[in-house]
Amino acid sequence: MTGQAEASDRRTGPGAATALSDPRSWVDLHGDILFRFALARLRDRHAAEEAVQEALLAALGARATFAGHCAERTWLIGILKHKVVDHLRRRIRDRGQGDEPDNDTTEKSAFTWESAWRQPPRRWSSAAQEDPASDLERQEFAAALRECLAGVPERAAQAFVLKIVDETDSDEICKVLSITPTNLWVLLHRARLRLRACLEQRWFLARDQTSAAKDAKPPAQPKGKPGKGRP
Amino acid sequence: MILFSCKDASRTMSAQRDRPLSFFERVSLTGHLLVCAACRLYRRQIAVLDRWCRGAGAAEEASAASINEKTTDGLTPESRERLRLSIAKAAGDTQP
Ligand SMILES: [Zn+2]
């Protein structure tokens, strides 16, 4: 939470002011972002809309407590995070606990029967591994990550987003998803196997090519927008 | 000493990012990494992956208010209307 607050403090645009805007404009200002945030974590449009509604109504009731330490949107996302976790918790409880038969195929598809890599990791250039160069690139990566997460089994994806993207405490994740720490490591492992392979194709190797193309002909092509050449 | 396969090694390298390894895990992993370039790459790459993903939540916050190009990702017009109504109603109730 603090990391995200810091990251967006320097930003301008909607939500950067320290005073809150009219709640009736919240849906227009932040609705899509909040919805996407919830959808990435709940994977269900109906539940995501519900969580956004709950968050906005809670924010409305808590307007007086907004201290202006962070941007309006950061504040709203902070509230939404709690609502998303509530939803996950309820869902796990309603399904009668998360220990359904485990027929995950992630490792089977990643390794041969001799437990060797089916498709060994390919080398990424050091340029491709460097931190994002701009906010635009950060957002493009977030979009690629969302697409790749869709190919990760639900519980592994939830564990990864909560732990790595949101930096939630492991104890809390285990409580919310009602799993043991060992389960959590297994889920994170599966998510990393899938995401690494997917983002290798979608991002890191593609980034290589775009940066190589830029290096090859530095100036003289004002037409192409950065990032558009990616497959 | 147990010989680690790439499958064992990948599990252990992921676990290492979240908890300390046992003595045997450490020894077996070190042994495997000495002879396996693919797993050495894997270890470096999941570190890069985690680092990039950590910033992805903040990137979501910063992106423009509405996503015009990718409408499948955002609210449907109906959802938007429902939300608008419920906020307006609640806001009206709390304001004199
Ligand atoms: Zn190996």
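## A tour from the zinc site outward

Begin by selecting B:His32 and B:Cys36, both of which are buried in this predicted model. Show the zinc ion beside them, and its coordination by B:Cys6 (SG), B:His32 (NE2), B:Cys36 (SG) and B:Cys39 (SG) appears, at 2.0 to 2.4 Å. If you display the angles at the metal, the 4 donor atoms subtend 103 to 114°, which makes the arrangement tetrahedral. Following the donor residues along the sequence gives the spacing C-x25-H-x3-C-x2-C.

Next, colour the whole of chain B by secondary structure. Chain B holds 5 helices and 0 strands, so that its elements, taken from the N terminus on, read α-α-α-α-α. Of its 96 residues, 48% count as buried, and among the contacts in chain B between residues at least 6 apart in sequence, 51% join residues at least 24 apart. While chain B is on display, pick out B:Glu25 and B:Arg19, which form a salt bridge whose closest N and O atoms are 3.1 Å apart; B:Glu25 is buried, with a relative accessible area of 18%.

Now bring chain A into view and select the interface. Here 53 residues of chain B are in contact with 69 residues of chain A, and the area buried between the two chains is about 5800 Å², with carbon and sulfur atoms giving 59% of that area. Across this interface there are 18 residue pairs in polar contact, both residues being at pLDDT 80 or more. On the side of chain B that touches chain A, the elements giving two or more residues are helix H1 (6-16), helix H3 (37-54), helix H4 (56-62) and helix H5 (77-94) of chain B. The largest share of that side, 14 residues, comes from H3(B).

Turn then to the charged pairs, of which 7 salt bridges are found across the interface of chain B and chain A. One to zoom in on joins the side chains of A:Glu49 and B:Arg82, at 2.7 Å from N to O. Another selection worth making takes A:Arg192, B:Arg17, B:Asp18 and B:Asp50 together, since these residues are linked in a network of salt bridges. Over all chains, the count of salt bridges comes to 20.

Hide chain B and look at chain A by itself. Chain A has 10 helices and 0 strands, and buried residues make up 47% of its 231 residues. Of the contacts in chain A with a separation of 6 or more, 77% are between residues 24 or more positions apart.

Two salt bridges in chain A can be viewed in turn. Select A:Asp166 and A:Arg41, whose closest N and O atoms are 2.9 Å apart. This pair links distant parts of the chain, 125 residues apart, with A:Asp166 in the loop between helix H8 (154-165) and helix H9 (170-177) and A:Arg41 in helix H2 (residues 26-42) of chain A. A:Asp166 is buried at 7% relative accessible area, and A:Arg41 is buried at 5%. Then select A:Arg24 and A:Asp22, whose side chains meet in a salt bridge at 3.5 Å, N to O; A:Arg24 is partly exposed at 38% relative accessible area, and A:Asp22 is partly exposed at 39%.

The last stop is A:Pro120, in the loop between helix H5 (106-110) and helix H6 (126-129) of chain A. A:Pro120 counts as partly exposed, at 42% relative accessibility. Add A:Ala197 to the selection: A:Pro120 and A:Ala197 are 77 residues apart in sequence and 9.3 Å apart in space, C-alpha to C-alpha.

Notes. Residues are numbered from 1 along each chain as its sequence is written. Chains are lettered from A and ligands numbered from 1 in the order in which they are written. This is a predicted model: local features need pLDDT of at least 70, side-chain atom pairs count only at pLDDT 80 or more; totals for chains, interfaces and linings use all residues. Side-chain values use heavy atoms; hydrogens and water are left out. Donors are N, O and S atoms within 2.8 Å of the metal (3.2 Å for Na, K and Ca); water is not among the atoms, so sites may look incomplete. Four donors count as tetrahedral if all angles lie between 85 and 135 degrees; four count as square planar and six as octahedral if opposite donors are over 155 degrees apart and all others between 65 and 115; anything else is irregular. Buried means under 20% relative accessible area, exposed over 50%, partly exposed in between (1.4 Å probe, protein chains only). Contact means heavy atoms within 4.5 Å. Buried area is the accessible area (1.4 Å probe) that two parts lose on being put together, summed over both. A salt bridge is a side-chain nitrogen of Lys or Arg within 4 Å of a carboxyl oxygen of Asp or Glu. A polar contact is a pair of N or O atoms within 3.5 Å; within protein, one must be able to donate a hydrogen and the other to accept it, and residues adjacent in sequence count only if both atoms are side-chain atoms. Helices (H or I, at least four residues) and strands (E, at least two) are DSSP runs, numbered from the N terminus.
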